[in-house]
Amino acid sequence: MLEWFPNMLPPTQYIPHGHCYLWQTPLVWLHLTSDALIAVAYYSIPALLIYFVQKRRDVPFSKVFILFSAFILLCGTGHLLDIWTLWYPTYWISGIEKAATALVSCFTALKLVELLPRFLSLRTPEQLEQINQELEKQIQERQQADEALKYAYDELENRVKERTAELSELNDALAIEIQERIAAEYALRQMAERERATARVLQRMRQSLDLTTIFNDTTEELRQAIQSDRVLIYRFNPNWSGDVVSESVAPGWNVISQSPSFAETTVDQASCVIRQFDGQEFLIQDTYLQETAGGNYRDRTSYCCVSDIYSAGFTDCYLRLLERLQAKAYVIVPIFCGSQLWGLLATYQNTGVRDWGEAEIRMVSQISSHLAIAVQQAELFAQTQQQAVELQQAKESADAANLAKSEFLANMSHELRTPLNAILGFSQLMLRDTSLQEETQNALAIVMQSGKHLLALINDVLEMSKIEAGRLTLHEAGFDLHSLLHDLEQMFQLKAEAKQISLSFDLASDVSRYVQTDESKLRQILINLLGNALKFTHSGGVALQVRVENWHGESHLDQRLIFEVIDTGPGIAPEELPLLFEPFQQTQTGLNATEGSGLGLAISQKYARMLGGEISVVSHLNRGSIFSLRVQANFLERSAHTDYQPLDGKMVIGLAPDQLPYRILIAEDHAASRLLLSQMLRPLGFDLREAENGQEALNLWQSWQPHLILMDMRMPVMDGRTAIQQIKAAEANCLRETCNQLNGFRANDQRTIMIATTASAFEEERQAVLALGCDDFIRKPFTQNEILES
């Protein structure tokens with residue numbers, strides 16, 4: 001490498017270029033001259049280009065000129081090397097120079113290709129000439145416009161001079177007007193500020209019903225609004241003495257509201273002038289407020305305004321009082337609560353005399369009026385709170401009374417129905433004894449009928465008591481309507497036959513068999529309506545017609561059923577119809593019948609309204625009556641209780657042959673009720689045992705394993721609910737040690753059947769015991785068939 005570089009200049013391995021021309025002098029000089037001239041031309045062109053670029057730096061694409069200059073210089077240098085190589089063979093240097101020339105020329109060509117679109121976008125000389133002409137035209141137009149503007153300016157200058165003279169005359173008048181407007185604007189700003197201050201005071205009043213907060217906020221806002229030194233509120237006592245209830249004092253002044261006896265009077269001289277809004281003036285008397293029951297401040301339209309206490313002619317006593325207040329001027333406005341003078345709103349200026357403006361006095365008077373409203377609202381709120389407390393106490397008393405009433409009803413239901421259970425039950429058993437004489441059976445029948453009548457009266461009174469106590473609830477479920485009507489027909493057929501009148505039930509074809517509503521209440525309504533119709537009808541007959549009323553319900557399953565009870569009885573007088581559904585009210589026909597409590601229809605109407613309908617009546621004297629019951633019900637495809645078949649009055653004489661001896665436990669604290677159940681069930685073949693309380697029932701259940709338990713809900717030691725819960729818990733858990741104690745406890749599919757017995761007349765009692773897990777519910781008094789059907 002190091003040996004090669006010295007051979008480049010001068011090389012010895014090549015022959016000079018001149019040998020190619022055979023050193024012919026004319027040829028050598030031709031090439032030498034042409035290459036020299038080309039080189040000179042090449043060197044002169046870039047020099048001119050560089051000079052041009054230096055002089056015209058604003059020319060675009062100046063870098064291209066420089067590249068082009070470099071390319072031309074390299075080309076010129078190549079021609080000089082061609083002359084040199086005529087005698088000296090430095091072909092390596094010549095080749096390198098040509099390679100550099102190639103690189104620069106290629107790079108220049110690429111740049112030219114890149115810049116060619118920009119070159120083509122340059123305007124042609126013709127276009128530039130046209131632009132120059134347009135520019136010259138615009139220049140001429142501008143010159144003409146300048147001349148016109150100069151002329152207009154001269155004209156304007158003349159007019160300005162004339163106008164200036166006119167305006168100078170108006171300036172004096174405007175100066176006076178501006179001063180007047182400034183004064184008016186200042187007055188308006190003052191008024192607006194006072195209005196805003198008044199609005200703030202009112203807003204603070206509305207934010208609270210606490211008088212202390214209202215008074216403190218009002219005095220502070222008022223003092224700042226009218227820029228006084230002291231604002232206080234003075235309240236009169238019933239004996240017309242008074243106290244300062246609120247005070248706002250500017251910094252640097254004494255607080256006097258802590259001294260309750262700082263003032264006995266507010267005006268104590270004979271020449272204080274009261275200014276009224278109507279412009280009238282009159283003198284107030286020199287007296288103490290307490291002695292004069294508020295003095296002249298009882299006048300609603302008055303206020304007291306003093307600009308300078310020392311020039312007002314006050315007595316020395318009153319001046320000393322004002323000096324204790326550090327006051328030099330004041331405004332005092334009365335506060336009325338309704339027609340009674342409640343107190344005073346006083347505003348004091350302590351720094352010096354002050355001429356109170358009409359707007360300031362009006363502002364104090366306006367705030368005084370709103371303070372009066374706030375006082376009335378606060379007193380009303382206090383009364384409302386007191387009434388709320390009294391209402392709450394009354395509500396608690398009413399709740400306690402309702403609770404006591406409910407407890408009384410529950411106890412009365414139990415105490416009345418329990419002995420009736422024995423009366424009706426044993427009468428029923430004795431009537432089945434064929435060995436009794438006919439007179440005895442008739443006497444028992446009378447006892448039975450009287451007991452049922454007494455039970456109906458008790459049920460009506462308890463039911464109405466439940467309605468008044470608000471304990472009536474709706475229990476909707478699906479049931480067989482046709483079966484219900486069939487039972488009612490069987491129930492009243494014997495009574496109709498005994499009175500030798502007809503009884504018919506007519507169901508329309510579109511009446512669904514299965515409906516969903518409160519079956520118990522619907523049954524009771526129909527029993528009352530049919531019972532009344534049969535009771536008062538002595539000839540002719542009674543008919544029940546059932547149909548569907550066409551109406552647009554929420555679904556095609558929503559229907560209204562119409563039950564019409566038609567009788568041919570004596571009818572009801574028009575004047576007695578409004579009293580028909582009132583509790584304890586009876587028509588003349590009912591009074592003549594000498595039976596009934598006057599509650600049946602009232603209770604039925606309550607039930608009907610709970611079922612989404614009501615009972616209406618159309619009656620004519622001596623022609624009969626039509627009682628129409630409308631209820632809302634959902635029609636069902638099938639009820640959940642359609643497989644039940646009642647005994648329909650059939651007498652059970654015993655268990656079917658080849659049956660296991662069923663064990664039944666009777667848990668009842670009343671000996672008569674236990675004896676009644678025992679005599680009803682033992683002759684039929686049941687194995688019975690008795691318990692007097694829930695604890696004995698639980699012990700017998702553990703040791704004896706009965707198939708069924710008749711559990712009374714009210715018992716001593718342990719009530720029926722607790723016993724049922726413990727038995728159900730033991731059956732559900734059945735721990736190993738518990739199962740061992742139960743002497744081989746049966747499987748869950750053979751669990752003990754629980755039937756609750758109670759003397760309660762309330763439907764919620766049924767729901768409560770069924771929720772405990774009981775299989776059925778029997779209400780006392782009960783019949784043998786009710787026990788067996790359960």
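**Exercise 1.** Work out how H9 and H10 pack: what are the angle and the axis distance?

*Solution.* Start with the geometry: helix H9 (residues 481-498) and helix H10 (residues 519-536) pack at about 25 degrees, and their axes are 11 Å apart. That makes H9 roughly parallel to H10 (angles under 35 degrees count as roughly parallel, over 145 as roughly antiparallel, 65 to 115 as roughly perpendicular, the rest as oblique). Axes here are lines fitted to C-alpha atoms, for helices over the stretch in contact, with angles from 0 to 180 degrees between N-to-C directions. Helices (H or I, at least four residues) and strands (E, at least two) are DSSP runs, numbered from the N terminus.

Next, the handedness: H9 passes H10 in a right-handed crossing (the near helix is turned clockwise from the far one by less than a right angle; anticlockwise would be left-handed).

Then the residues, with contact meaning heavy atoms within 4.5 Å. On H9 they include Leu481, Leu484, Met491 and Phe492, and on H10 they include Leu522, Leu526, Ile527 and Leu534. By class, the contact of H9 with H10 has 12 nonpolar, 1 polar and 3 charged residues (Ala, Val, Leu, Ile, Met, Phe, Trp, Tyr, Cys and Pro are nonpolar; Asp, Glu, Lys and Arg charged; the others, Gly among them, polar).

A note on the input: this is a predicted model, where local features need pLDDT of at least 70 and side-chain atom pairs count only at pLDDT 80 or more, while totals for chains, interfaces and linings use all residues. Residues are numbered from 1 along each chain as its sequence is written, and side-chain values use heavy atoms, leaving out hydrogens and water.

**Exercise 2.** Now take the other side of the story for H10: which residues of H10 meet H12?

*Solution.* First, the axes of H10 and helix H12 (residues 600-610) come within 9 Å and cross at roughly 145 degrees. The crossing of H10 past H12 is left-handed. From H10 come Lys521, Gln524, Ile525, Asn528, Leu529 and Asn532, which meet Gly600, Leu601, Ser604, Tyr607, Ala608 and Met610 in H12. Sorted by class, that contact has 6 nonpolar, 5 polar and 1 charged residues.

**Exercise 3.** Find how many aromatic pairs the whole structure has, and look at one.

*Solution.* The search gives 4 aromatic pairs (ring centres within 6.5 Å, using the six-membered ring of Trp; planes under 30 degrees apart are stacked, over 60 edge-to-face, the rest tilted). One of them is Phe215 with Trp342, a tilted pair at 5.5 Å centre to centre and 45 degrees between the planes. Phe215 sits in helix H5 (residues 211-226) and Trp342 in strand S7 (residues 340-349), so the pair ties together parts 127 residues apart in sequence.

**Exercise 4.** Check the confidence: where is it lowest and where highest?

*Solution.* The chain's mean pLDDT (the predictor's confidence in each residue, from 0 to 100) is 77, and 77% of its residues reach 70 or more. Strand S4 (residues 281-283) is lowest, with a mean of 33, and strand S9 (residues 502-507) highest, at 94. Where pLDDT is low, don't read the predicted coordinates in detail.
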